[in-house]
Amino acid sequence: MRAAVLHEIGQDKLEVLDDVEAVGFGPGRVRIRVRATGLCHSDLSAMAGVLPQPAPFVPGHEGAGEILEVGEGVRHLKPGDRVVVCWLPACGACPACKRGQTQLCLAGFMNAGTPNFKRPGGDLFGFAGTGTFTEEVVVDAGCAVPIPDDVPFDIAALIGCGVTTGLGSALNTADVAAGSSVAVIGCGGVGISAIQGARLKGAAEIVAVDPVASRRESALKFGATRAVSPDELADAKQQVTAGEGFDYVFEVVGRSATARTAYENTRRGGTLVIVGAGALDDFLQLSMFELFFDEKRILPSMYGGGDVLSSYERTIALWRAGRIDLSGLITHRVPLADINEALDQMRTGTALRTCIEI
C-alpha cells in the first residue's frame with residue numbers, strides 16, 4: 001500500500017512509497033482504510049524534531065476512514081463502520097481517567113514507540129501512535145471512534161485534532177466569559193477554531209493576530225472582530241482594552257517568544273491559554289515577582305482540555321446546528337501523491353487546513 005514516509009528527523013520532504021504494510025493487527029486492534037486526513041502543524045513539528053518522535057515514520061494523526069477488520073475482543077466496532085482516528089485514546093482506568101481528565105491519559109503515548117508499519121527496508125513508526133498519511137493503518141480499537149453517517153470524512157478528520165483542540169481551549173480550558181475581550185495569537189486551523197469557540201461563548205471582542213494577511217482575512221469571517229499583524233497588537237490592545245490587556249489570550253503557535261508576548265498582553269488577573277505544542281528545550285521565562293504580582297492564570301490546554309469523546313459529540317452537534325463552520329477551514333485539497341505541496345502550504349501559511357484525500 002502507499003504511505004508518505006519521513007526517513008530521518010530534520011528532512012523537509014516526505015517520500016510517497018508503495019511498498020508499506022500496516023502491522024500489529026490482533027486482539028483489541030482494528031484495521032482502518034483512511035479516506036481523508038488533515039495536515040496539522042504538529043506533523044511538521046515532529047518532522048523537524050520539535051516534538052519527540054522516532055524515525056523513520058509515517059506522519060499524520062488527524063484522520064478518518066472506515067473499519068476494514070476488527071480483532072478479537074472488539075465489540076463496539078465492525079467492518080464498514082465509519083470512524084475518526086483519535087490519537088489520544090483514554091484507557092478509563094488510570095488516575096487521570098478516574099479523575100475525569102481523560103485528555104491527560106498516557107495510554108496512547110505508549111503506542112508511539114511501537115512500529116505501526118514495515119517495508120522491505122525495516123520497521124516504520126506512526127506519528128503519535130497512528131500515522132494517517134497512508135491508505136491503511138492498524139491501531140488500538142480505542143483509537144477508532146464511530147461517527148454518524150452524515151459527517152463527511154474530511155469534516156471528521158478535522159474533528160480528530162485541530163478543531164477539538166481549538167474549540168476546547170475556549171469552551172473547556174478557558175471557559176471564556178460572555179462580554180469579555182480575547183486575543184488569539186496564531187490563526188491557522190486551531191487558532192480559527194479557538195476564535196469560533198470564543199464567539200460561541202459570547203466574547204465581545206476577539207482580536208486575531210497572525211503575520212499572514214490571508215489568515216487574518218479568514219479570521220474575520222469566522223468570528224474575529226478585528227485582525228492584526230503581530231506588529232499591530234500593541235495598538236489593538238490600547239484600542240480594545242485601553243492598554244490594560246485582554247481578559248483572555250490564546251497562544252496557538254507553540255513558541256516561548258510568542259507565549260511571552262501573550263503573557264504581556266494579558267491583563268492582570270486575566271487568563272493566558274497555552275494551546276500550541278512546543279519543544280522540550282524552549283523555555284518560557286517569568287519572574288517570581290510578576291507571577292505573584294500580576295495574578296495571571298496560565299492554563300495549558302491539552303487536546304482541548306476535556307473529555308475527547310464528549311468533545312467530538314459536542315462539535316458534531318454544533319456543526320449540524322450551523323453554529324460552527326468546519327468545511328470553511330479546508331482551504332486546500334491534495335491527493336496523497338502531492339503531500340509535499342500540502343507541507344509547503346502549511347509552512348507558508350497559505351492554508352488553514354489542507355485535506356489530503358486518500
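The domain assignment divides the protein chain of this predicted model into domain 1, made of residues 3-161 and 306-357, and domain 2, residues 166-300. The contact between them takes 18 residues from domain 1 and 22 residues from domain 2. Taken over C-alpha atoms, the centres of domain 1 and domain 2 are 27 Å apart.

Next comes the interface itself. About 1,600 Å² of area is buried between domain 1 and domain 2, and carbon and sulfur atoms give 57% of that area. The rule finds 0 salt bridges across this interface, while 6 residue pairs, both residues at pLDDT 80 or more, are in polar contact between domain 1 and domain 2. On the side of domain 1 that touches domain 2, helices H10 and H11 (339-348) each supply at least two residues. The largest share of that side, 4 residues, comes from H10.

Now consider helix H5, residues 189-200. At 1.5 Å a residue, the 12 residues of H5 should span 16 Å, and the end C-alpha atoms are 17 Å apart, which agrees. Just beyond this helix, H5 is followed by Gly 202, whose phi is positive, near 90°.

How enclosed is H5 by the rest of the structure? Buried here means under 20% relative accessible area. Of the 12 residues of H5, 11 are buried, so the helix is largely enclosed by the rest of the structure. Among the buried residues are Gly 189, Val 190, Ile 192, Gln 196 and Leu 200. The cover over the buried residues of H5 includes helices H4 (162-174), H6 (213-221) and H10 (308-320), together with strands E12 (181-185), E13 (205-209) and E19 (353-357).

How values were computed:
Residues numbered from 1 in each chain as written. Predicted model: local features only at pLDDT ≥ 70, side-chain atom pairs only at ≥ 80, totals over all residues. Heavy atoms only, no water. Expected span 1.5 Å × (residues − 1). Buried < 20%, exposed > 50% of the residue type's maximum accessible area, 1.4 Å probe, protein only. Contact = heavy atoms within 4.5 Å. Domains from an automatic or database assignment. Buried area = accessible area lost by both parts, 1.4 Å probe. Salt bridge = Lys/Arg side-chain N within 4 Å of Asp/Glu carboxyl O. Polar contact = N/O pair within 3.5 Å; in protein donor to acceptor, adjacent residues only side chain to side chain.
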